[in-house]
Number of protein chains: 2
Amino acid sequence: MFIYICTEMRMRDEKKEERVRQKALELIVKEGFDGFSMNKLAKAAGVSPGTLYIYYKDKEDLILCLGQEIGKKMTEATFKGFDKEMDLETGLWIQWKNRAEFYLNQPLEMEFYDQLKVSPFKDKMDNSVTIKFSEEMGGFIRNAINKGEALSLTPVVFWSVAFAPLYNLIRFHLDGKSMGGRPYTFSEEHMKDAFKAVLRALKV
Amino acid sequence: MFIYICTEMRMRDEKKEERVRQKALELIVKEGFDGFSMNKLAKAAGVSPGTLYIYYKDKEDLILCLGQEIGKKMTEATFKGFDKEMDLETGLWIQWKNRAEFYLNQPLEMEFYDQLKVSPFKDKMDNSVTIKFSEEMGGFIRNAINKGEALSLTPVVFWSVAFAPLYNLIRFHLDGKSMGGRPYTFSEEHMKDAFKAVLRALKV
DNA sequence: AATAAATGAATGAATGTTCATTTATATTTG
DNA sequence: CAAATATAAATGAACATTCATTCATTTATT
């Protein structure tokens, strides 16, 4: 939220702040925005309700701050080691690996973000972080097309074909089940198979 | 919910029941599960709170019933005119058209279902309807592979590559924006481009 | 007359938020 | 160095409001 310069004041307990964030995530993922409340959160985090209003303006602010933080972490993780000048296959694979790693290792963040994205909160979210990233991605796509590596597709279509399948596999995995409620566990092999298919779709 | 045989009893007002369903959808989509309440719904639907408890056991039952109903409508719409013996391109295209038509014409249902699917309610949903259809889909995929039309892919991977891109385009459309918050409107052309790409991914 | 539908006021529990108070700590003062 | 001071952190009881749900009563239909 804020950075305080410490002169003549009691320091904010960062452990406590972090515990609030963590418990908020856990509660929301387990109980949904519906079953989530400030008093429950305070109790779960071992903190007074009033403390939450020192950290955040109100409940909505808390949720949106959490969302923005996670969004930032996600996009940064996604672009680790990525360069828009890379060739199609290399760049795409790095993004797949990055995304899969993040989602699988941070399931709470993923679940929370998914809930947020389809909830009415989505309209109130600040997506200034994602703008920069989407420009980088746009550049990558344009490059691949100009170099004659990829078919000439609108960025939106390209993006949907390139990443939605991976995202969908991970959704299945986190739900623990796929179509028709059948049990499902993600695997590197499935990811590679899907990636090969997607590459065929995009390559010229 | 229930079917009543009418002998010596007052008929349930189906207009009222339908109004409740419609307003529930609207409220949940606009305000989320969070901002949704039984009293608000009663007021919005012009009905007494008590009446809701004649129609539904409780709030959760109401939400789950709505979800089940919509899930059924969705799967039925999806498989209209579809036959698992169809060839890959024809069968897949029919499903794309069916899905797109339903989602675009029933945005409330789509938004509601999306919220439900990522919420903790999802674990309490009865998906017996979707099972039958996912078997039909499994048969279609198996056929396509056996006939040598499609690559040999696990159903989960096949499904993800085949439909997630379309679903993603429609999500962008309903949000009104795509990556980086850029405005987006779905078009038949985008759908066709994406479909062609997906076909290339799956065709042998 | 019989029966279920529908009502709506009422319930206690839980909600988000506030605020007067207390606690802890960094600085200043003696 | 120790005590006093200043300041923000943190508390938690209390608030009005809203919540899901109930039930005695009324309404409409067969």
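Start with α3(B): this helix supplies the largest share of the surface near DNA strand C, 4 residues. Keep in mind that what you're looking at is a predicted model. Around DNA strand C there are 28 residues, and the closest come from both chains: Arg10(A), Met38(A) and Tyr53(A) on one side of the list, Ser48(B) and Thr51(B) on the other. Sorted by class, that surface has 12 nonpolar, 6 polar and 10 charged residues.

What part of the strand does the protein touch? Of the atoms of DNA strand C within 4 Å of the protein, 69% belong to sugar or phosphate, and bases make up the rest. You can pick out individual contacts of both kinds. On the backbone side, a phosphate oxygen of DNA strand C sits 2.9 Å from an N or O atom in the side chain of Lys59(A). Another contact to a phosphate oxygen of this strand comes from chain B, where a polar backbone atom of Asp13(B) is 2.8 Å away. For the bases, look at Arg10(A): a polar atom of its side chain lies 2.7 Å from a base oxygen of DNA strand C. As for the elements that give two or more residues to the surface near this strand, they are α2 (38–45) and α3 (49–55) of chain A, along with α3 (49–55) of chain B.

Now hop over to DNA strand D. It has 27 residues around it, and Asp13(A), Ser48(A), Thr51(A), Arg10(B) and Met38(B) come nearest. Here sugar and phosphate make up 68% of the strand's atoms that come within 4 Å of the protein. The class split is 11 nonpolar, 6 polar and 10 charged, and the largest share of this surface, 4 residues, comes from α3(A).

The contacts may look familiar by now. A polar backbone atom of Asp13(A) is 2.8 Å from a phosphate oxygen of DNA strand D, while the side chain of Arg10(B) places a polar atom 2.6 Å from a base oxygen of that strand. Arg10(A) shows up here too, with a polar side-chain atom 3.0 Å from a base nitrogen of DNA strand D. The elements giving two or more residues to the surface near DNA strand D are α3 of chain A plus α2 (38–45) and α3 of chain B.

How are the two chains related? A turn of 180° and a shift of 0.0 Å along the axis lay chain A on chain B with an RMSD of 0.1 Å. That's the relation of a two-fold axis. And since 100% of the interface residues of chain A are also interface residues in chain B, the copies meet through the same surface.

Methods: Residues are numbered from 1 along each chain as its sequence is written. Chains are lettered from A and ligands numbered from 1 in the order in which they are written. This is a predicted model: local features need pLDDT of at least 70, side-chain atom pairs count only at pLDDT 80 or more; totals for chains, interfaces and linings use all residues. Side-chain values use heavy atoms; hydrogens and water are left out. A residue is near a molecule or strand if one of its heavy atoms lies within 4 Å of it. A polar contact is a pair of N or O atoms within 3.5 Å; within protein, one must be able to donate a hydrogen and the other to accept it, and residues adjacent in sequence count only if both atoms are side-chain atoms. Ala, Val, Leu, Ile, Met, Phe, Trp, Tyr, Cys and Pro count as nonpolar, Asp, Glu, Lys and Arg as charged, and the others, Gly among them, as polar. Copies are superposed by least squares on the C-alpha atoms of residues with pLDDT of at least 70 in both. Contact means heavy atoms within 4.5 Å.
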